[in-house]
Amino acid sequence: MVSIKDIAGWRERIFSSLLPIVLVVGTVSTIAIVPFLLQRGMWPVALADAIALGWIFAIWRLKGLPYTVRVFHFLAVVYVLSVALMLSIGAASLSYLLGPPLIASILLSLRPAIVALILCAVSLLGLGATGHISLSVPGWEHDPVKAALVAALNYTTIGVMLTLICSNLLKGLSLSLAELQLTSAAVSRLNDMVVIAKAVAHRNSAQPITFVNKAFLRRTGYAREEVLGQSLRMLQGPDTDQAVITCILEAMGSNKPCNVELVSYTKSGSAFWLELELMPFTQSSEVATHWVLVGRDITERRTAADAIHRLAFYDVLTGLPNRRLLMERLAAALEETPANRGLNAILYLDLDNFKNVNDARGHAVGDALLGHVATRLNQTVRNSDTVARIGGDEFVVLLGGLDANPSVASYVALDVAHTIRTALAAPLDLAGQPYNIGVSIGVALCLDARASSHDLLREADTAMYRAKANGRNGVVLFESAMLSETQYKLTMERDLAQAMNNGELTMHLQLQVDRLGVPAGAELLMRWPRADGTMVRPDIFIPVAESSGLIVPLGNWALREACKAWLALDRTGNPMPLSINVSPLQFRQPDFVDQVCQILADTGAPPQQLIFEVTEGLLIEDIEQAIKRMHKLAALGIRFSVDDFGTGYSNLAYLTKMPLYELKIDKRFMHDTPHDVSGTAIVQSILAMAGHLGLRVVAEGIESIEQAQYLTAHGGAYMQGYLYHRPMALEQLIQWLQDSSASVVATAAYG
Ligand SMILES: Nc1nc2c(ncn2[C@@H]2O[C@H](COP(=O)(O)OP(=O)(O)OP(=O)(O)O)[C@@H](O)[C@H]2O)c(=O)[nH]1
């Protein structure tokens, strides 16, 4: 864009460009006319022309002289020349006399123009009246004074008109220029970036930049010369959204303004966010002659907005989409009809025994493992699939665009799930130690167009739980029957919590006897009588209590009941050791030992009379911690029994490190003893091991004389089963003990 000059600047500019033109035109016309003048003997005119040209040449070259001096000289030349011409060739050169006032009004101002006009008018009058020039007026041919007066009057009239027009025009121009300068100064000092480009009609042609303000130069690091003349395209770069560019081009094509946010680039190539307002500038026609762009750096705002977006939609630890984004994408995927895009499937992943990594190696290593899982998942699936982390060690993969045929789609989804399982299973080095990631995966296919994203996720979750129940590290495809199981479980959980609150649960005791059938203790067994008179079996509700966490309050309640039962038995003269089942979850509660101490203190029951039955599940995880806690409780006097011994994966090496008192043989081994060879072999080895370790043995599920005889013949384990006693309510047991006076024998055996 041309820099804005004031009117004085424009005058100087006009004057400088006028002089060479006058010189050239004057020289050409003088050369053309000189032979004619000389032929006619008008050499003074030729001489005057030559002097005038020399004078103008001097004015042109002497640029160091003040502007007004040079203009006055120029005016003098024009005046002298016009007078000389009038003297030599008469009224034909009268128009020359208009030169001085007009030139003075354009190059100086009104006042010198009026002076010039008066001077010229007076000269005309003087020369005419004295007869130096012939100014013929019809009727007054012989009266030169009147003719001169008429000519001078005419001259003055037209001279005043022209001078005033020029002067006013220039005055208006001067005001506009001053305003323009003001605006320009304001624009160049704006903090917003301003760019003006020339509008070029063709859509794909470059729109050359004609103006940029300081704010633009400051932000982009360019120098003005590097930008002027360049295409507007220099504002965009590799990360500029093409959709935004298209929007700008469309606005330009239709001569409309537009507002956009786009990534722009500095000279050094660093990207920044620009909020841009693009306005067409039109003059006379509808079509824009220029584009005015006003931009603001909104990088900070966008960065903050991006950060908020990331926190809202992405998991901080792994950078994967979180549950919210997953649900949005899932909902969007479900809206598309399978005929267009194929079926969608959800893979619900839960790492196996991840808690162990946290416990054994610390949270930081656990975090690192989650990061590796995220990376491997992303490497395994397509870019178009979504991998999300929806909680602790739970990930979800959304597979879209599977085959529209459900069988093919299930096959593909299962195949991807197996590929993921294999990929995660590859050994991983975590803080210098090898680790294998096991994962349970539930797969659900969206077959029902009406199903919600929540339904689909719940189905995949259900299938994942089935994979866990199947022994972990596997893949299970959801089947509708699973959901009713889950719903049943949820109802059961709710009812169980209610039954606990209402005190509907009861404790039954089943006696354990020695080889002579004499009661030697009892195991407490929970019972849940329903309002409808039915009894919920413990093997049904205990797993529900375990999976829902209700087992913890339930276990505390059972311990309190056991203490009260022992005291009641003691009061009636039948003190005997009581066995209580302690679930792994309850045992792992950090305050478990404190809870036990509290209950013992509250009830006053002797810890030496309590046997805690723990399952082998307790011994799989966190063995060191479990052993430490057992020793603490053993120090109080509590004894330990391993329940269902032989059914789990007991680490036998650890058995010797535990303060054990007893092993219990599971009833499934007793079931076919002594007839089944393998079952009997297991019973024999447990008896032998217990003998070796000096542990007492209790065999469960004794229902036949043969079983009892077999045990008596092989080391004399204590026995528990329907052959001797069914579980009884406490009052019933006390009554039975009193009736059979067996209490004396029990006291003798354990006293
Ligand atoms: N390191 C780490 N651990 C987490 C994070 N969020 C949750 N966890 C832990 O992840 C574990 C999740 O354990 P679960 O899935 O319940 O149990 P698991 O040990 O994986 O056992 P299964 O799922 O039954 O195989 C818990 O111990 C949480 O404390 C996290 O951001 N970082």
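## Charges over rings

Arg324 places its charged end over the ring of Phe313. The distance to the ring centre is 4.5 Å. This is a predicted model, so the values here are computed from its atoms.

Arg639 gives another case. Arg639 lies over the face of Tyr661. Here 4.4 Å separates Arg639 from the ring centre.

## Aromatic pairs

The structure has 8 aromatic pairs. One of them joins Phe587 and Phe640. Their ring centres are 6.4 Å apart, and the planes meet at 85°. That makes the pair edge-to-face. The two partners come from distant parts of the chain, 53 residues apart. Phe587 belongs to helix H20, residues 584–587. Phe640 belongs to strand S18, residues 639–645.

Are these two rings buried or exposed? Phe587 has a relative accessibility of 1%, so Phe587 counts as buried. Phe640 has 0%, so Phe640 is buried as well. The cut-off for buried is under 20%.

Phe592 and Phe612 form a pair of their own. Their centres lie 6.1 Å apart. Their planes stand at 50°, so this pair is tilted. This pair also links distant parts of the chain. Phe592 sits in helix H21, residues 592–603, and Phe612 in strand S17, residues 610–614. The separation along the chain is 20 residues. Both Phe592 and Phe612 are buried.

How do the four rings group? Phe587, Phe592, Phe612 and Phe640 make up one aromatic cluster.

## The largest cavity

A probe the size of a water molecule, rolled over the atoms, shows where empty space is left. In this model there are 3 cavities of 30 Å³ or more. The largest has a volume of about 210 Å³. It is lined by 17 residues. The closest to its centre are Leu232, Arg233, Gln236, Ile248 and Met252.

Which element supplies the largest share of this lining? Helix H9 does, with 4 residues. Helix H9 spans 242–253. Strand S4, at 271–282, also supplies at least two residues. By type, the lining of the largest cavity has 11 nonpolar, 4 polar and 2 charged residues.

## The second largest cavity

The second largest cavity holds about 50 Å³ of space. Its lining includes Met193, Val195, Phe216 and Thr220. Leu235, Ser264, Phe272 and Leu274 are also in that lining. Leu276, Leu293 and Gly295 line the second largest cavity too.

Several elements give two or more residues to this lining. They are strand S1 (193–198), helix H7 (214–220), strand S4 and strand S5 (288–297). Strand S4 has the largest share, 3 residues. What is the make-up of the lining by type? There are 8 nonpolar and 3 polar residues, and no charged ones. Strand S4 thus appears in two linings: at least two of its residues line the largest cavity, and 3 line the second largest.

## A buried glutamate

Glu523 is in strand S14, which covers residues 519–529. Is Glu523 buried or exposed? Its relative accessible area is 3%, so Glu523 is buried. The side chain of Glu523 has a polar contact with the side chain of Gln720. That contact is 2.7 Å.

Conventions: Residues numbered from 1 in each chain as written. Predicted model: local features only at pLDDT ≥ 70, side-chain atom pairs only at ≥ 80, totals over all residues. Heavy atoms only, no water. Phe/Tyr/Trp six-rings, centres within 6.5 Å; stacked < 30°, edge-to-face > 60°. Buried < 20%, exposed > 50% of the residue type's maximum accessible area, 1.4 Å probe, protein only. Lys NZ or Arg CZ within 6 Å of the ring centre and 35° of its normal. 1 Å grid on protein atoms, 1.4 Å probe; cavity = no way out; pocket = protein on both sides within 12 Å on 5 of 7 lines; lining within 4 Å. Points joined across faces, edges and corners; volume = space filled by probe spheres on them. Nonpolar A, V, L, I, M, F, W, Y, C, P; charged D, E, K, R; others polar. Polar contact = N/O pair within 3.5 Å; in protein donor to acceptor, adjacent residues only side chain to side chain.
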